[in-house]
Amino acid sequence: MSATAEITREPLKKKDLAADHPTWCPGCGDFSVLALYFKLIQNRGIHHEKIATVAGIGCSSRFPYFVQGHGVHFIHGRALPFATGIAMSRQDLDLFVFGGDGDAFSIGGNHFTHCARKNVNLTYVVMDNSVYGLTKKQTSPTSPIGFKSKTDMWGAVDQPINPLKQAIAGGATFVARTTHTNPKHLLAMMEAAMDHNGFGFIECLSECTEFYNGAFDASNPRKGGEFLEVPEDHDPTNETEAYDLAGQPFPGHFGIVYQVDRPSKQDREKTINAKFMEKTKDLEAHQILQQNFDKMK
Ligand SMILES: Cc1ncc(C[n+]2csc(CCOP(=O)(O)OP(=O)(O)O)c2C)c(N)n1
Ligand code: SF4
Ligand SMILES: [Mg+2]
């Protein structure tokens with residue numbers, strides 16, 4: 001076979017993608033997110049060496065352990081900065097970041113805003129259970145007022161954050177909301193975020209059956225709730241409209257709330273890099289460094 005001959009490869013099956021047996025509690029919403037991630041990889045014919053799954057710390061952040069591909073289980077709240085490094089240096093990878101509401105909006109809150117405004121091309125799925133699951137029930141930034149936990153024994157008193165509003169205000173270019181109880185919708189949102197050029201943020205309601213059972217029943221028709229999709233006449237490019245939709249009281253609407261085109265960080269740096277690559281093409285690495293040192297004098 002010639003070195004350039006194309007090798008035909010079969011799309012991966014679920015058994016090729018599942019690494020470890022997930023250690024989540026029975027009924028945990030996170031199972032559904034993992035199953036749909038496998039489905040997405042299968043649908044898109046992505047191979048092992050192109051999968052990159054990054055997470056912080058939390059039950060949801062165990063995600064990369066269960067996926068056969070490149071994976072990083074990083075420091076609590078720091079998944080996005082790590083993923084940004086990957087995004088900038090390996091643009092050939094399909095990069096997904098998964099994590100919890102605590103990881104994303106408490107300890108990682110600042111990184112969330114900066115990754116959004118920089119429009120780093122990656123997909124970020126926050127598995128929001130409105131509680132700290134791994135550490136056994138503390139109030140999280142999305143816990144509603146009145147939620148009783150180990151840190152708020154008499155009920156939470158602080159105003160919860162609204163992840164969608166936070167993402168829009170931060171400068172995200174793709175903002176969507178879905179739930180683990182609607183697999184078709186969840187998969188559609190992940191596919192749309194993946195196809196978006198820039199920071200694709202998805203808030204996925206993912207129930208913690210152990211420490212916040214029934215939290216999202218009002219959004220689940222099987223539990224007597226209502227699953228309302230984003231209205232057909234909603235204009236996702238209209239920031240004010242998107243902001244209003246994001247502010248609807250729970251259970252709110254599900255779907256793409258906001259989506260606009262803006263060059264990604266990769267796009268913007270590509271131009272700068274190309275210019276300087278051209279300028280320095282005849283120089284050795286030490287000469288480029290010396291030039292930089294001289295400029296700083
Ligand atoms: C620097 C640091 N602070 C605190 C912790 C303890 N800790 C681990 S996970 C976690 C919160 C997890 O909540 P969330 O991100 O919502 O994930 P979930 O377990 O609910 O999926 C905390 C506070 C830690 N691991 N590292
Ligand atoms: S504690 Fe909650 S979030 Fe963690 S695995 Fe169990 S059900 Fe899932
Ligand atoms: Mg959580």
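Helix H4 (residues 101-107) gives the most to the shell around ligand 1, with four residues. The model is predicted. In all, 18 residues surround ligand 1. The chain also holds a second ligand shell, an eight-stranded sheet and two domains, taken in turn below.

**Ligand 1**

- The closest residues to ligand 1 are Gly 58, Gly 100, Gly 102, Asp 103 and Gly 133.
- Sorted by class, the shell around ligand 1 has nine polar, seven nonpolar and two charged residues.

**Ligand 2**

- Which residues lie around ligand 2? They include the cysteines Cys 25, Cys 28, Cys 59 and Cys 208.
- Also around ligand 2 are Trp 24, Asp 30, Asn 129, Gly 133, Leu 134, Thr 209, Glu 210 and Phe 211.
- The shell around ligand 2 splits into seven nonpolar, three polar and two charged residues.
- Gly 133 appears in the list for ligand 1, and Gly 133 is also listed around ligand 2.

**The sheet**

- Strands of a sheet pair through backbone hydrogen bonds, in a parallel or an antiparallel way.
- Here eight strands form an open sheet, and the pairing is mixed.
- Their order is S2-S1-S3-S4-S6-S5-S8-S7.
- The edge strands are S2 (70-73) and S7, and each pairs on one side only.
- At the S2 edge, S1 (residues 51-55) pairs with S2 in the parallel sense over four bridges. There, Ala 52 has His 70 of S2 as its bridge partner.
- At the S7 edge, S7 (residues 228-229) pairs with S8 in the parallel sense over two bridges. Glu 229 has Phe 254 of S8 as its bridge partner.
- S5 (residues 174-179) and S8 (residues 253-259) run antiparallel, joined by four bridges. Ala 176 has Ile 256 of S8 as its bridge partner.

**Helices on the sheet**

- Helix H7 (residues 183-195) lies across S3 (94-100), S4 (122-128), S5, S6 (199-205) and S8. H7 runs at about 165° to S5.
- Helix H8 (residues 239-246) also packs on the sheet, where H8 touches S5 and S8. The direction of H8 makes about 155° with that of S8.

**A helix pair**

- Two packed helices are described by the angle and the distance between their axes.
- How do the axes of H3 and H5 cross, and at what angle? The axes of H3 (residues 79-89) and H5 (residues 109-118) come within 8 Å and cross at roughly 35°.
- H3 brings Leu 80, Pro 81 and Thr 84 to the contact, while H5 brings His 111, Phe 112 and Cys 115.
- Four of these contact residues are nonpolar, two are polar and none is charged.

**Phe 174, a buried strand residue**

- Phe 174 lies in strand S5.
- Is Phe 174 buried or exposed? Phe 174 is buried because 28 other C-beta atoms lie within 10 Å, and 20 or more is the cut-off for buried.
- Leaving out residues up to four places away in sequence, Phe 174 touches Ala 193, His 196, Gly 198, Phe 199, Gly 200, Phe 201 and Gln 259.
- Phe 174 and Ala 192 are 18 residues apart along the chain, and their C-alpha atoms are separated by 9.0 Å.

**Backbone exceptions**

- Most residues other than glycine have a negative phi, and most peptide bonds are trans.
- Asn 119, in the loop between H5 and S4, has a positive phi near 55°. Asn 119 counts as buried, because 24 other C-beta atoms lie within 10 Å.
- Lys 137 also has a positive phi, about 80°, and is not a glycine. Lys 137 lies in the loop between S4 and helix H6 (163-170).
- Why does Lys 137 count as buried? Lys 137 has 20 C-beta neighbours inside 10 Å, and the cut-off is 20 or more.
- A cis peptide bond joins Phe 250 and Pro 251, with omega about 10°. Pro 251 is in the loop between H8 and S8.

**Two domains**

- The protein chain is divided into domain 1 (14-262) and domain 2 (263-297).
- Their centres, taken over C-alpha atoms, are separated by 36 Å.
- The contact takes 10 residues from domain 1 and five from domain 2.
- On the domain 1 side, the residues that touch domain 2 are five polar, three nonpolar and two charged.

Technical notes: Residues are numbered from 1 along each chain as its sequence is written. Chains are lettered from A and ligands numbered from 1 in the order in which they are written. This is a predicted model: local features need pLDDT of at least 70, side-chain atom pairs count only at pLDDT 80 or more; totals for chains, interfaces and linings use all residues. A residue is near a molecule or strand if its C-beta atom, placed from the backbone, lies within 6 Å of it. Ala, Val, Leu, Ile, Met, Phe, Trp, Tyr, Cys and Pro count as nonpolar, Asp, Glu, Lys and Arg as charged, and the others, Gly among them, as polar. Two strands pair if DSSP finds at least two bridges between them. Domain bounds come from an automatic or database domain assignment. Two residues are in contact if their C-beta atoms, placed from the backbone, lie within 7 Å. Axes are lines fitted to C-alpha atoms, for helices over the stretch in contact, and angles run from 0 to 180 degrees between N-to-C directions. A residue is buried if 20 or more other C-beta atoms lie within 10 Å of its own, exposed if 12 or fewer, and partly exposed in between; C-beta atoms are placed from the backbone.
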